[in-house]
Each structure stands twice: as C-alpha cells, then as structure tokens.
Amino acid sequence: MTATTAAEDLIFGLTRVIDLPGLTAAGSAPLGAEDIAAIIGEADRFARDLLWPHAMAADRHGAVYENGVVRTPPSYQPAYQAWIEGGWQGLAAPAEVNGIETGGQELPQALWLAVAELVTAGDMSFSLCPLLSIGAIEAIARFASPAQQEAWLPKLVSGEWTGTMCLTEPQAGSDLSQVRSKAEPDGTGGYRITGQKIYITWGEHDLTANTLHLILARLPDAPAGTKGISLFAAPKLLPDGTRNALRCGGLEKKMGIHASPTCVMLFEGAEAQLVGEPNRGLNAMFAMMNAARLGVGVEGVAQGARALALAEPYAAQRIQGGQPIDRHPDVARMLAEMRAITLAGRLLALEAGAALDRHRLLGDAEAETRVALLTPIVKAWCTDRGVDVASLGIQVHGGMGFVEDTGAAQVLRDARIAPIYEGTNGIQAMDLVGRKLFRDGGAHMRGLLAEVAAADPRLAPAVTAMTRATDWMLDRGMRDANAAQASAAAYLDAAGWTLGGWMLARAAAADDRYAPLTAFYLARLLPRAAARVAEIEAADSLLALMPAA
C-alpha cells in the first residue's frame, strides 16, 4: 500500500471511518473535515517539533529528585509552555459547568484521542502529565461542588495547574479495599489527610507552580472495604500561597518512562476538601480511571506508531545481502504486522471515542453501552499490541535495536507500563467478562459481532469463533467464576483481534489505499482470534494447575 503517516491515518479515520463531521453536525456542534485536518496537523507539528527531537535526551536525563525538589528534563519547560499557549489541555474539556466558564473548547473526545496519540508518540513521559489532568477535570466536572469547580476547573483546563490520581498504597496494590490513608475533619468544614501513596505519576514536578491531588482516603467512621473510601482534593499550594503539608518522598526507579516523575507522595496532615459524597469516593475516582483507560489504550497505539516510525526508515536504508532489509520477506512481514496492528488499534480507539461522543452529543444510551464494552478492549488489546509492536521494532533493527543508540529499546521500555496502568490488563479482561458481558446476557456483544460480520465476509471465521466463545462464557462462565476468570484474557484478546479486523475492513471500504494492508491482516493476523477462542475452551487445563485454596 501507499505509505501513510500517523497524522494522515488519524485524519482519515476521524473523517472517513467514524464520520466525525457527520456526528458533530447531528449533535448541533459541527466540526468540518478541514477543521479536523487543521487540528491534527497542528498537533502533529507540536509533537514533531517539540517532543520527538528531545525524547531520547529526556529519557537519559530522566526526572531528578534532589533536596525535596523534582526537576524534569530541560526540553519539557518550553514544550509545556507551548502546550498551555496552544490551548491543548482544554481541547475536549467542557466550556461551562454549572454556569461556570472553564475555558474548555468542548471538542469531541475522538479528536482528543487522536491528538493524544500524536503527543504520546512524540514522548510518552511528557504526555502522561496532561493525561492525568484530563482525568482530574472529568472527576471534578462530574462530582465536585460548584464552589470547588469554580476554584479548580479553570486552572486545570488551562494547564496552569496539573492534576494527579492518588490511589494505591504499598500494601494495597490494585485492591483499593486495603487503602489506609486517613481524612480527619478539621472543624472548619475541611479535612486533614495523612498517609502514603505510591506510583503517583507526575506527583511532583517543576512545570507548574501548583498541582491538585485527588486522593482516596477514609473518614474516621468509614465502613471497612471499598464502601468506606472517600475522595478528597488537596492542592500542593494553599490559596494563601503557602505549601500544603504534602511532599514527594522519592522517585520510583523504573524500567522506562524515565522522564516522567513517578512519586511516592507523603500526606502529613495536608489540608483537603471532600469531593462528592462521603464513602462514595470510588464512584468519582472511576470517572477518572475510565477517562484514563481509553487514553492508556492510545498509549499502546502511540508506542506502536513510534516503533514503526523508527523501524521503517531503518529497514529501507540498512543494506544486508546486497539490498535493503525491507526487501527481505521476513523483515517485510514484521513491518507489515507493525503497520497493520497499529492501524487497527488506532481506528478501534477512534471508534470508542466516537461512541463516547455519540452518547454526549446525542444522548444515545446504546452508545454509552458501546463505550463500556469497548473501553477494556481498547485499554488491554491496544497496550498488549503496543508491547508486541515495540518488540518487533527491535527485531527489525537487529543488534542496533537492542542497544540504546537508535531509540527502539526506549520504545519497548516505555510501552511496557501501559498494560499495567489503570487496572492491569487481567483486571480489564475480568471487567469485560464479569461486568460488561454478563450484565446484559451478551446482548450488546452479539449486536456488535453482527455489525462485524456485515462489514466483510472475510471476518466470518472470527465472528463464528467469537460467538462460540461468547456462548461458552455465558454458559460455563456464569456457573463457574474461576473458569470465567481463567478464560477472560483470551476472550478479550480474541475480541481485540476481531474488532481490529472490523476497523480495517471499514478503512478498506472507504479508501482502496488500505485494502492491501487489510487483506494482510485478515489473512495472517485475524486467525489469532480463533486460536485464542480455543484457549477459552481449555480453561480446565489452567484450573488444574492452580494452588488449592
């Protein structure tokens, strides 16, 4: 096929595959194809000019913690200032909440996901800062009081402040029922937070003066477990400009994303406000996490895109056996897999964003169900594939990929966190099966598979296999929770391969340029869906190996 750039694919996907111009027109907020192309072009220039050239140096510099201060790489200050000046943080944020003007542009979520891909491909460590703020904006817009919204939203939407998610603790991991951080009433309507949080992305940094921390903690009379968790907000700087009683206790030493400060955060009687209702903190926090999960899925796509952008020119220039290695069939295979998988994930993420926009713009209840179903698939399948594609990128480079000089190794190191972020991919799989599939008896999944089958007859074998897997899950899985969980990851993976093929078939139907790549995917990669379904039906082989209770 004729080579296309990520930006070109995103414009095509937004305008021709998911028809964002038509969707926004129906929602009385028209956004034309030329407007979409202009925004994507500017985002691509931002990433290419300010992030790509410095990403390897930023990785080597890393985030540095000295004497209680966290310093980020020198290139991040001008990049973040340009981010603020360009209005990028508020691209999809609401323009008004409860009569409060926030400064948001209220553009579609699908468009934001496209911009996020380009920025993340430019430098994943940098991109994590605005991603966390997006989640904070979502939670505050939905759950905070009007006074809190007025105080915080304009600062976050502009990018003047950043936001964090302070969930887990050393003893808790993904089990938030074990959260021990305490919130004591201070007698004036506020609270004092005491506790330790770990793995706090961009918890402390030097890009903005203030950061708003959203924290899970327990009130004195809170019931045990997840039902006793409340959500609080604590700024780094108090309204009078003094430092709040919170600090970074150190930076995690990580495999990748070295320039992103992943902090241990210590709250030592920090002044905070309750957000939402007491003991209902998980509801608000999941608003952040669900917003972030699609964003994390896009991180997988973006790292695949970065790996491809490094591997293709290298393979075209590297001479072995008297010709460039991209003419060697096995290298051509790897490059085709990288391109096809990345494009499938890219379009699937845009489809999830479009469903989110249909719900928000049109009040489409069915679209909300579609978002719920697609979110764990996008998060898990796209991030697993991002790791796969990054690994293939190293293989294309050969020994030059395993050393740090080409940047291919950095892509794999950075990509590896995404399957862990925002609920591990195993948790995503259990969410897909236990909550999304079982709650309606598989009705929405069956409807989605019918759409897939109608798109291209070459998708029929995968649809047949997924239908069989869905029947198995609804029969055996409903009766045996262990069997459902043992097969959940395979079920999600099969769904991802199938839906990826669906998106590519739609792309080929819209533009013949995508037909060869689609044919490659459907012939060589789509059979992986049926292979994963065979694993589902072999659940007992795993259950037999599990330790006795």
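This is a conversation about how to read helix packing, loop residues and buried polar residues in a predicted model.

Colleague: Let's start with helix pairs. At what angle do the axes of helix α1 and helix α3 cross?

Modeller: The first thing to look at is the angle between the axes. Helix α1 covers residues 6-17 and helix α3 covers residues 33-51; their axes come within 10 Å and cross at roughly 150°. That makes α1 roughly antiparallel to α3, since angles over 145 degrees are put in that class.

Colleague: And is the crossing of α1 and α3 left-handed or right-handed?

Modeller: Right-handed.

Colleague: Which residues of α1 and α3 meet?

Modeller: From α1, look for Ala7, Leu10, Ile11, Leu14 and Thr15; across from them, α3 brings Ala33, Ile36, Ala37, Ile40 and Asp44. Sorted by class, this contact has 8 nonpolar residues, 1 polar and 1 charged.

Colleague: Let me try another pair. How do α7 and α8 run relative to each other, roughly parallel or roughly antiparallel?

Modeller: Go by the angle again. The axes of α7 (residues 124-143) and α8 (residues 146-158) come within 10 Å, with a crossing of roughly 155°. The two helices are therefore roughly antiparallel. The hand is another matter: α7 passes α8 in a left-handed crossing.

Colleague: What sits in the contact of α7 with α8?

Modeller: On the α7 side you'll find Ala136, Ile137, Ile140 and Ala141, and they meet Gln149, Trp152, Leu153, Leu156 and Val157 of α8. The class count for this contact is 8 nonpolar, 1 polar and no charged residues.

Colleague: Then there's the pair further along the chain. At what angle do α15 and α17 pack?

Modeller: Helix α15 (residues 443-455) packs on helix α17 (residues 481-510) at about 35°, and the axes are 9 Å apart. The crossing is left-handed. If you want to click through the contact, α15 supplies Met445, Leu448, Leu449, Glu451, Val452 and Ala455, while α17 supplies Tyr491, Thr498, Leu499 and Trp502. In class terms, the contact of α15 with α17 has 8 nonpolar, 1 polar and 1 charged residues.

Colleague: On to backbone angles. Which sign does phi have in most residues other than glycine?

Modeller: Most of them have a negative phi. Now check Ser28: its phi is positive, about 60°, although it is not a glycine. Ser28 sits in the loop between α2 (20-26) and α3.

Colleague: Is Ser28 buried or exposed?

Modeller: Exposed, because its relative accessible area is 66%, and the cut-off for that class is over 50%.

Colleague: What about Asn279, where is that one?

Modeller: In the loop between β11 (262-275) and α9 (281-317). Asn279 is not a glycine either, yet its phi is positive at about 65°. Its relative accessibility is 24%, so Asn279 counts as partly exposed.

Colleague: Now the buried polar side chains. What does the side chain of Thr208 reach?

Modeller: When a polar residue is buried, look for its polar partners. Thr208 has a relative accessible area of 9%, so it's buried, and you'll find it in the loop between β7 (191-201) and β8 (210-217). Its side chain reaches the backbone oxygen of Asn210 at 3.0 Å. Beyond its sequence neighbours up to four places away, Thr208 touches Tyr80, Gly159, Glu160, Trp161, Thr162 and Lys236.

Colleague: And Asn210, where does that one lie?

Modeller: In strand β8. Asn210 counts as buried because its relative accessibility is 5%. A polar atom of its side chain is 3.2 Å from the backbone nitrogen of Lys236. With neighbours within four places in sequence left aside, the contacts of Asn210 are Glu160, Trp161, Thr162, Pro235, Lys236 and Leu237.

Colleague: One more, back in helix α1. Is Asp9 buried or exposed?

Modeller: Asp9, which is in α1, counts as buried because its relative accessibility is 3%. Setting aside neighbours within four places in sequence, Asp9 is in contact with Thr4, Arg339, Leu343, Arg346 and Tyr514.

Colleague: How far apart in space are Asp9 and Gln323?

Modeller: They're 29 Å apart, C-alpha to C-alpha, with a sequence separation of 314 residues.

Technical notes. Residues are numbered from 1 along each chain as its sequence is written. This is a predicted model: local features need pLDDT of at least 70, side-chain atom pairs count only at pLDDT 80 or more; totals for chains, interfaces and linings use all residues. Side-chain values use heavy atoms; hydrogens and water are left out. Axes are lines fitted to C-alpha atoms, for helices over the stretch in contact, and angles run from 0 to 180 degrees between N-to-C directions. Helices (H or I, at least four residues) and strands (E, at least two) are DSSP runs, numbered from the N terminus. Angles under 35 degrees count as roughly parallel, over 145 as roughly antiparallel, 65 to 115 as roughly perpendicular and the rest as oblique. A crossing is left-handed if the near helix is turned anticlockwise from the far one by less than a right angle, and right-handed if clockwise. Contact means heavy atoms within 4.5 Å. Ala, Val, Leu, Ile, Met, Phe, Trp, Tyr, Cys and Pro count as nonpolar, Asp, Glu, Lys and Arg as charged, and the others, Gly among them, as polar. Buried means under 20% relative accessible area, exposed over 50%, partly exposed in between (1.4 Å probe, protein chains only). A polar contact is a pair of N or O atoms within 3.5 Å; within protein, one must be able to donate a hydrogen and the other to accept it, and residues adjacent in sequence count only if both atoms are side-chain atoms.
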